[in-house]
Amino acid sequence: MGQIVSQSLGIDEIGRSSCHLKHLAAVGDAIVARFDQTIVYADLATMKAEPWPADLRKAMADFAGAAE
């Protein structure tokens, strides 16, 4: 109680249709939680994985590069 939690989001890997995300939560310099998440770009009508659209893939790659 009363502590400030900082959160960050990073991209570990971008695949053809999936992306591995890393969520970190820290109090000061101490990491207090880490969550790994995989998201998949899919066609909602067929529920099948689809390749990332080029503009979205570029935006994710740009974000991943900025985090390094």
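A residue is called buried when its relative accessible area is under 20%, exposed when it is over 50%, and partly exposed in between (1.4 Å probe, protein chains only). The structure is a predicted model, in which local features need pLDDT of at least 70 and side-chain atom pairs count only at pLDDT 80 or more, while totals for chains, interfaces and linings use all residues. Residues are numbered from 1 along each chain as its sequence is written, and side-chain values use heavy atoms, with hydrogens and water left out.

**View 1. Strands β1, β2 and β3 form an open sheet.** Strands (E, at least two residues) and helices (H or I, at least four) are DSSP runs, numbered from the N terminus. The 3 strands of this sheet stand in the order β1-β2-β3, and their pairing is antiparallel. Two strands pair if DSSP finds at least two bridges between them. At the edges are β1 and β3, each of which pairs on one side only. On average, neighbouring strands of the sheet are turned by 20° against each other, direction ignored. For such angles, axes are lines fitted to C-alpha atoms, for helices over the stretch in contact, and the angles run from 0 to 180 degrees between N-to-C directions.

**View 2. β1 and β2 form a hairpin.** Strand β1 covers residues 5-14 and strand β2 covers residues 18-27. The two pair in the antiparallel sense over 9 bridges, and 3 residues lie between them. Which residue of β2 is the bridge partner of S6? The partner is A26. On the β3 side, β2 is joined to β3 by 10 bridges, again with the strands running antiparallel. Here A25 stands opposite A33 in β3.

**View 3. S17 lies in the loop between β1 and β2.** Is S17 buried or exposed? S17 counts as buried, with a relative accessibility of 12%. Neighbours within four places in sequence are left aside in the following list of contacts. S17 touches I39, V40 and Y41, and also A49, E50, P51 and W52. Contact means heavy atoms within 4.5 Å.

**View 4. Y41 and W52 form an aromatic pair.** A search of the whole structure finds 1 such pair. A pair of aromatic rings is described by the distance of the centres and the angle of the planes. For Y41 and W52, the distance is 5.4 Å centre to centre and the angle between the planes is 45°, which is a tilted arrangement. Rings of Phe, Tyr and Trp (its six-membered ring) pair if their centres lie within 6.5 Å; planes under 30 degrees apart count as stacked, over 60 as edge-to-face and the rest as tilted. Y41 sits in the loop between β3 (30-40) and β4 (42-43), and W52 in the loop between β5 (48-49) and α1 (54-67), so the pair ties together parts that are 11 residues apart in sequence. Y41 is partly exposed, at 31% relative accessible area, whereas W52 is buried, at 10%.

**View 5. W52 is also one of the residues of the largest nonpolar core.** In soluble globular proteins, nonpolar side chains tend to be buried together. The core has 6 residues, namely I11, C19, L21, W52, M60 and A64. At least two of them come from β2, and at least two from α1. A nonpolar core is a set of buried Ala, Val, Leu, Ile, Met, Phe, Trp, Tyr and Cys residues joined through side-chain atoms within 4.5 Å.

**View 6. R34 forms salt bridges with D12 and with D36.** A salt bridge is a side-chain nitrogen of Lys or Arg within 4 Å of a carboxyl oxygen of Asp or Glu. How many salt bridges does the structure hold? There are 4. The bridge between R34 and D12 spans 3.6 Å, N to O. This pair links distant parts of the chain, with R34 in strand β3 and D12 in strand β1, 22 residues apart. Between R34 and D36 the N to O distance is 2.9 Å. R34 is partly exposed at 45% relative accessibility, and D12 is partly exposed at 46%. D36 is exposed, at 56%.

**View 7. K58 and D62 form a salt bridge within helix α1.** Their closest N and O atoms are 2.7 Å apart. The two residues are 4 residues apart in the sequence, about one turn of the helix. K58 is exposed at 52% relative accessible area, while D62 is partly exposed at 43%. Elsewhere, salt bridges that share partners join D12, K22, R34 and D36 into one network.

**View 8. M47 lies in the loop between β4 and β5.** The phi angle of M47 is near 60°, a positive value in a residue other than glycine. M47 counts as exposed, at 61% relative accessibility.
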